[in-house]
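Morning, everyone. Let me put the structure up, and then we'll go through it.

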Amino acid sequence: MFSSKCRVLTQTVRRRPGLRGLHLTQEVITEQLAVSRGHLTPELSLRLLTSECPGYSAPASAHPLASDHDSDPWWAIYWPGGQVLARAILDNPRLVSGKTVLDLGSGCGAVSLAASLSGAKEVIANDIDENAKIALKTNCDLNNVKAMDRIEFTTENYLNSQDVESLRNVDLLLIGDMFYDQEIGEAVLRLCKTFKAMDRSKNVLLGNPGRWFLESSAETIRSMFDCVAKYSLTEQTRRENFGFHHGLVWKMKQR
């Protein structure tokens with residue numbers, strides 16, 4: 001089930017044919033997104049799309065977050081699966097300490113930020129939308145972290161690529177809320193298997209609030225992963241993600 005905020009975005013941010021938007025900058029993000037702590041990691045201040053933002057219900061023809069990249073601003077939302085994953089990392093720094101980690105579908109950058117603050121040796125934020133790099137830098141600046149000194153950013157599409165050799169030096173994959181449909185979910189699981197097959201010492205952490213694909217693939221998930229944490233979502237997150245009340249963190253089994 002998609003969140004209520006997701007439905008708002010789908011209705012309001014998809015641009016009409018031929019419509020060109022603004023070039024997204026940190027200034028635009030600062031103007032249009034609210035600083036929020038109403039999530040599972042309140043020690044992180046994040047610029048997010050909330051109901052108090054001017055563009056929350058704006059029509060597509062005048063949406064303030066429309067950009068030259070013609071892509072919906074999913075990076076403006078702190079998805080519940082990302083929240084539980086970031087919470088687990090902040091609560092258990094040993095999960096990432098001293099490791100090179102890659103945050104797949106990094107979005108607003110909160111999971112990358114949590115990993116960096118928890119002692120990861122190197123953090124790579126990965127999102128196919130290059131606007132996520134601007135969101136990452138904005139949120140790192142908000143938390144006094146020098147983003148580009150501490151966190152590398154790449155738009156490599158690892159789900160569609162046959163060549164994942166660039167992951168050879170990554171110790172840990174962080175995947176927050178990437179199971180939102182069957183096609184993407186199956187691609188994520190294939191990537192997990194390929195990544196683990198490179199070296200048995202590699203591992204994967206998933207954060208998910210119980211999206212349909214993960215629930216429908218419960219037997220497969222339990223054969224590949226162990227559930228290592230469960231968190232109740234905040235009141236605000238529950239309102240914005242109708243039907244979700246908690247999130248689970250899964251760790252890939254050692255074989």
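So, a question to start: which side chain meets D226 in a salt bridge? It's K253, at 2.6 Å, N to O. Keep in mind that this is a predicted model.

Where do these two partners sit? D226 is in strand β8, residues 225-232. K253 is in the segment after β9, which runs 246-252. The pair links distant parts of the chain, 27 residues apart. On exposure, D226 is partly exposed, with a relative accessible area of 36%. K253 is partly exposed too, at 24%.

There's also a network. E43, R87 and D91 are joined by salt bridges that share partners. Over the whole structure, the search finds 6 salt bridges.

Next pair: D177 and R211. Their side chains meet at 2.4 Å, N to O, again a salt bridge. D177 lies in the loop between β6 (172-176) and α7 (182-198). R211 lies in the loop between β7 (203-208) and α8 (212-216). So the pair ties together parts that are 34 residues apart in sequence. Buried or exposed? Both D177 and R211 are buried.

One more bridge. R168 and E165 meet through their side chains at 3.0 Å, N to O. R168 is partly exposed, with a relative accessible area of 38%. E165 is partly exposed, at 43%.

Now the cores. The largest nonpolar core has 49 residues. Which members touch the most others? L65, W75, V96, V101, L174 and V249. By element, helix α3, residues 80-91, gives the most to this core, with 6 residues.

Take V101 as a close-up. Setting aside neighbours within four places in sequence, V101 is in contact with a list that includes V96, A115, A120, V123 and I124. V170, L172 and L174 are also among the contacts of V101. So is a charged residue by name, E122.

A second core is separate from that one. It has 28 residues, including V188, F213, M224 and F225.

Finally, the overall numbers. The protein has 255 residues, and 56% of them count as buried. Its secondary structure comes to 10 helices and 9 strands. Consider contacts between residues at least 6 apart in sequence: 72% of those join residues at least 24 apart. The exposed area is about 11700 Å², with carbon and sulfur atoms supplying 48% of it.

That's the tour. Over to you for questions.

Key:
Residues are numbered from 1 along each chain as its sequence is written. This is a predicted model: local features need pLDDT of at least 70, side-chain atom pairs count only at pLDDT 80 or more; totals for chains, interfaces and linings use all residues. Side-chain values use heavy atoms; hydrogens and water are left out. A nonpolar core is a set of buried Ala, Val, Leu, Ile, Met, Phe, Trp, Tyr and Cys residues joined through side-chain atoms within 4.5 Å. Buried means under 20% relative accessible area, exposed over 50%, partly exposed in between (1.4 Å probe, protein chains only). Helices (H or I, at least four residues) and strands (E, at least two) are DSSP runs, numbered from the N terminus. Contact means heavy atoms within 4.5 Å. Accessible areas come from the Shrake-Rupley method with a 1.4 Å probe; for residues, only the protein chains shown count as cover. A salt bridge is a side-chain nitrogen of Lys or Arg within 4 Å of a carboxyl oxygen of Asp or Glu.
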